[in-house]
Amino acid sequence: MDNQKLILYVTLGFILFLIWEAWTLDQKERQVEITKTEQALGKSGIPSAPETSAKSRPVGGQTDAVPSAPVTPEDDQRAPKTGKGQSILVETDLLKVTIDTNGGDLRSLVLRKYPEKLNEPETGITLLTENADDLFIAQSGLIGNSHKMPTHKTLFKSSKQSYNLADGQDDLSVTLTWVSPDGISYQKIYRFYRNRYLIDVTFKVTNNSTKAWQGYLYSQLRRRYLTESRGLLALPTYTGGAYYTPEDKYEKVSFDEMAEAPLKLDTDNGWVAILQHYFVTALLPDRDTPVQFFTRSLGEDQYNIGYKDLASTNIATRGTGELKSQIYVGPKEHKRLVELPEGMELTVDFGILTVLSAPLFWLLVKIHDIVNNWGVAIILLTILIKLVFFPLSAASYKSMAHMKRVQPKIVSIKERFGKDKQKLNKAMMEIYKKEKINPLGGCLPILIQIPVFIALYWVLLESVEMRQAPFALWIKDLSAPDPFYVLPVIMGISMYVQQWLNPSVMDPVQKKIMMIMPGAFMIFFLFFPAGLVLYWVVNNLLSIAQQWQITRMITKQTQA
């Protein structure tokens, strides 16, 4: 196989890989017709209480006898929300949050440090919203049949309508209260922290009734997801559910899968989440607590993913107790994710080449820590990768240079033998043997580097650190396309230069394709993030310099 043909196949293969990624994601979003009827747990979205676990968490002294099989009353499950809730505004250094007293839901959450648009830095991106078209909210409550308990349909009370994290204050708490008909006092407490996207959610129960209290905590995300037409040039990113358990590790569960069949999975540790490009909303159960992860389709393109306790919390008469959980709503910043429960760093999904992408990302971060510019870090990382592969690249370019040197002889042989393939191949092999040229010498070095190139592609595509990161001059956002298309044009020109340095193609069809390919690639890369195009431009320019120097050296040796 000649080198030009290999380069053609590799390049077309990479284009097809990108198109295939976008196409499969688009088809997956379309293939399942959303079930409009309620599945498994009722339209209220309140999970039923589990059968009593062998494990329990007694609080407040020895408990009295508790029911053996608690079940949430059906009337409560299907009852709509009653009463109008009050909006409570909470502002920290990183978050702007709205809590609805009707259910105590997180109804809106804005990331103050991540602008929606680059030219509107004061308007942070909204992750949670009660907007009907983009509904995405976080809900939690208590279930059990020993007493009437607060769910995400309960109307709480609040003593304040706004909270603000003051200068010098490390955290603040928002307390919602509700008293049941039998006198049990409930407090739903949100705790926010400075410089953190992690929120504590605690239910404090004061059992003023005459019998023991037994209950289970549940927490869930509710999201409306409308299928969008992506187009073949859209970059393949994932929006959907995910979970992690010590047994199954990291798994995705798409909205289509939620529609097909509800998930029910018991575990002692882990988390559930909804992912989107650059950001994650994750529900984190209390550590070492048996829970059941669940999903369901609510119809009308709405879905739940969440968990409920399997071990009951038991509180004696006149006792108090707490049921705790956490929620992370924020960017997929690696430095923050590694501080969360095990597996959260996997929400930055580098795909099947994570084994290569993870160290590349680590190295990119280390370089950025020194130069403090992600564009410069990409350039330096590209140079380091070229240095690592220098011997392989040199072998490939030497093979190409030798092939170019004997090209006139090959042309002569093709003219002499015409369509006699057997004699033509025999004559060409004799030339390769005489000139000590390995026709496959340029193949393996290129093939070995392809996984690294694809791994770096995913690093630059998935890393939130690239989002709205400036480089220099007109490049203000490495995650957005070059606004003036300068980098794609340079990349296209560099591909033409590489073709000029390579042995010429004699086959007319291949020759036409090779001439069209740089222009097609350039058009394709017009829609790519500038950071990705910057990598390809630098890689191409370094390849040209290396190939030109090697070709020049071999030409001098031949003429000497």
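Which residues of helix 6 are buried? They are Trp374, Gly375, Ala377, Ile378, Leu381, Thr382, Ile385 and Lys386. Buried here means under 20% relative accessible area, while exposed means over 50% and partly exposed is in between (1.4 Å probe, protein chains only).

## About the model

This is a predicted model, where local features need a pLDDT of at least 70 and side-chain atom pairs count only at pLDDT 80 or more, while totals for chains, interfaces and linings use all residues. Residues are numbered from 1 along each chain as its sequence is written, and side-chain values use heavy atoms, with hydrogens and water left out.

## How confident is the predictor?

The score to look at is pLDDT, the predictor's confidence in each residue, from 0 to 100. The protein chain averages 81, and 76% of the residues score at least 70. Among the elements of the chain, strand 9 (residues 185-193) has the highest mean pLDDT, 98, and helix 2 (residues 74-78) the lowest, 36. Helices (H or I, at least four residues) and strands (E, at least two) are DSSP runs, numbered from the N terminus.

Over residues 25-42 the pLDDT stays under 50, and the model gives this stretch 49 contacts beyond four places in sequence. Residues 60-82 also have a pLDDT below 50, with 63 contacts beyond near neighbours in sequence. A contact means heavy atoms within 4.5 Å.

## Back to helix 6

Helix 6 (residues 374-388) has 15 residues, so at 1.5 Å a residue it should span 21 Å, and its end C-alpha atoms are indeed 21 Å apart. That expected span is 1.5 Å times one less than the number of residues.

At the N-terminal end, Asn373 acts as a cap: one of its side-chain oxygens lies 2.8 Å from the backbone nitrogen of Gly375.

## Salt bridges

A salt bridge is a side-chain nitrogen of Lys or Arg within 4 Å of a carboxyl oxygen of Asp or Glu. The whole structure has seven of them. In one, Asp105 pairs with Arg107, with the closest N and O atoms 3.2 Å apart. Asp105 counts as buried because its relative accessibility is 0%, and Arg107 counts as buried at 14%. Glu130 also forms a salt bridge with Arg107, again with 3.2 Å between the closest N and O atoms. Glu130 lies in the loop between strand 5 (120-128) and strand 6 (136-143) and Arg107 in strand 4 (residues 105-117), so this pair ties together parts that are 23 residues apart in sequence. Glu130 is partly exposed, at 43%.

Then there's Lys252 with Asp349, at 2.5 Å from N to O. Lys252 sits in strand 13 (residues 249-253) and Asp349 in the loop between helix 4 (334-337) and helix 5 (354-371), so the pair ties together parts that are 97 residues apart in sequence. Lys252 is partly exposed at 34%, whereas Asp349 counts as buried at 19%. Through shared partners, salt bridges join Asp105, Arg107 and Glu130 into one network.

## Nonpolar cores

A nonpolar core is a set of buried Ala, Val, Leu, Ile, Met, Phe, Trp, Tyr and Cys residues joined through side-chain atoms within 4.5 Å. The largest one has 117 residues, and Ile99 and Phe192 have the most contacts inside it. Helix 10 (residues 443-462) gives the largest share, ten residues.

Note on methods. Polar contact = N/O pair within 3.5 Å; in protein donor to acceptor, adjacent residues only side chain to side chain.
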